Amino acid sequence: MSPPKRILVVGGGLIGIRHLQAVEAHPDCSLVGLADPDMTLASDVKRFASMAEVTEPVDGVIIATPTGLHAEHGVYAAERGWHMLIEKPVAGDLPGAEALSHAVAKAGVGSLVGHHRRYHRSVQQLKELVADGAVGTPVCANLIWAMRKPDAYFEGNWRTAGGSPVMINLVHDIDILRFVLGEIATTTALRGKGLRAGTRIESGAIALAFESGATGTISFADTSPSPWGFEAATGENPNIGTTGQDMMWIMGTKGAVSYPSLTLWSGRDWSKPAESTPVAPEQDAKAPLDAQLDHFIDVMNGAPPLIDVADATKTLAAALQIEAQLAAQVEGAANARNAHA
């Protein structure tokens, strides 16, 4: 029997503490401690102000620090020979992600990125249905993420002027579409009107072209209390009300499938109505975060990762491209207003 993996958690925010608790509860893990400059956090476990203070043996590190620090902390972990699980998005920009990918390859350590929705069994079923030809050749996909975030979410913090849902929320949806339909070739994004703040990205429409020839759309808003969004559909987040409503639809040459109900539609042509066949979604054996930790242990033992730094960099690239297109429209609108002032 292999000894428990010695895991260091870096970053004591909400998600970092959840990772810490998962490590403590896992029979095949041993918590080295928590590294965070705020020494008041998690005072009941061994504390380090930074990774540089850690002299104990470490097998793997879970990096849950702010996005802008992911690349720096990941490169340092690689230099110390530690396998790593990094929260999403993999880095704050492409140069950082590419530097991290190079460091991981040079050090020969395993990497895993926390796009945890890939661990939902129903998401894996969806990928299997599409890959097995259940809808024929995929032609197009539609996805909706529309929720109203509480006003307090934006008050007195960095989201007052920023807080775009693209990098916070849609990066997950982009990753699922990549996971199921393959690589994204091009993106086009249109920004909706800012309602809370004129300069904030709050809503919009995104068009995607996949390398396979399929296309997709994402409609998004953080200003609408709708029933459509991954969290509401699946009940994944205890802080977001569950509706169970489908929020993603994939159409192909033989039929279509909706998610998360996994209702499969088939037919010949429009002369007759398409017929539906429910495919029972399989229940998750474990919460995605716990399943991800199981997989991280496997990665440390040499198994191929479900999504490593190089793979996650492709999701980041698409999200950053969309964010840049929307930001350019914000700037253009501001310049137009100033010109007419």
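Is G244 buried, exposed or partly exposed? In this predicted model, G244 comes out as partly exposed, because its relative accessibility is 44% and the partly exposed class covers whatever falls between under 20% and over 50%. G244 sits in the loop that links α6 (230-234) to β11. Once neighbours within four places in sequence are set aside, its contacts are A232 and A233. L129 makes a handy reference point: it is 115 residues away from G244 along the chain, and the two C-alpha atoms are 20 Å apart.

The strand that follows this loop, β11, belongs to an open sheet of eight strands. Reading across, the order is β8-β9-β10-β7-β11-β12-β13-β14, and the pairing is mixed. At the edges are β8 (184-191) and β14 (275-278), each of which has a pairing partner on one side only. From one strand to the next, the twist averages 15 degrees. As a general point, sheet strands pair through backbone hydrogen bonds, in either a parallel or an antiparallel way.

For a look at one pair in detail, take β9 (residues 203-210) and β10 (residues 215-221). These two strands run antiparallel and are joined over seven bridges. Within this pairing, A207 has T217 of β10 as its bridge partner.

Two helices can be placed against these strands. Helix α5 (residues 165-181) packs on the sheet and touches β7, β8, β9, β10 and β11. The direction of α5 makes about 155 degrees with that of β7. Helix α4 (residues 121-131) lies across β7 (138-146), β11 (248-252) and β12 (255-259). Relative to β12, α4 runs at about 170 degrees.

Then there is a helix-helix contact, between α1 (residues 14-25) and α7 (residues 288-300). Their axes are 10 Å apart and the packing angle is about 60 degrees, so the two helices count as oblique to each other. The crossing of α1 and α7 is right-handed. On the α1 side, the contact is made by I15, R18, H19, A22 and V23, while α7 brings in L289, D290, Q292 and L293. Sorted by class, the contact has five nonpolar residues, two polar ones and two charged ones.

A few backbone oddities turn up in the loops. Two peptide bonds are worth pointing out as cis. One is the bond from K88 to P89, with omega near -15 degrees; P89 is in the loop between β5 (83-87) and α3 (94-107). The other runs from Y259 to P260, with omega near 10 degrees, and P260 belongs to the loop between β12 and β13 (263-266).

That β12-β13 loop also holds L262. Although L262 is not a glycine, its phi is positive, at about 55 degrees. What is the relative accessible area of L262? The value is 0%, so L262 is buried. A42 is another non-glycine residue with a positive phi, in this case about 45 degrees. A42 is located in the loop between β2 (29-35) and β3 (47-48). With a relative accessible area of 19%, A42 is classed as buried, because the cut-off for that label is under 20%.

How values were computed
Residues numbered from 1 in each chain as written. Predicted model: local features only at pLDDT ≥ 70, side-chain atom pairs only at ≥ 80, totals over all residues. Heavy atoms only, no water. Axes fitted to C-alpha atoms, helices over the stretch in contact; angles between N-to-C directions. Helix = DSSP H or I, 4+ residues; strand = E, 2+ residues; numbered from the N terminus. Parallel < 35°, antiparallel > 145°, perpendicular 65-115°, else oblique. Left-handed = near helix turned anticlockwise from the far one by under 90°. Contact = heavy atoms within 4.5 Å. Nonpolar A, V, L, I, M, F, W, Y, C, P; charged D, E, K, R; others polar. Pairing = 2+ DSSP bridges. Buried < 20%, exposed > 50% of the residue type's maximum accessible area, 1.4 Å probe, protein only.
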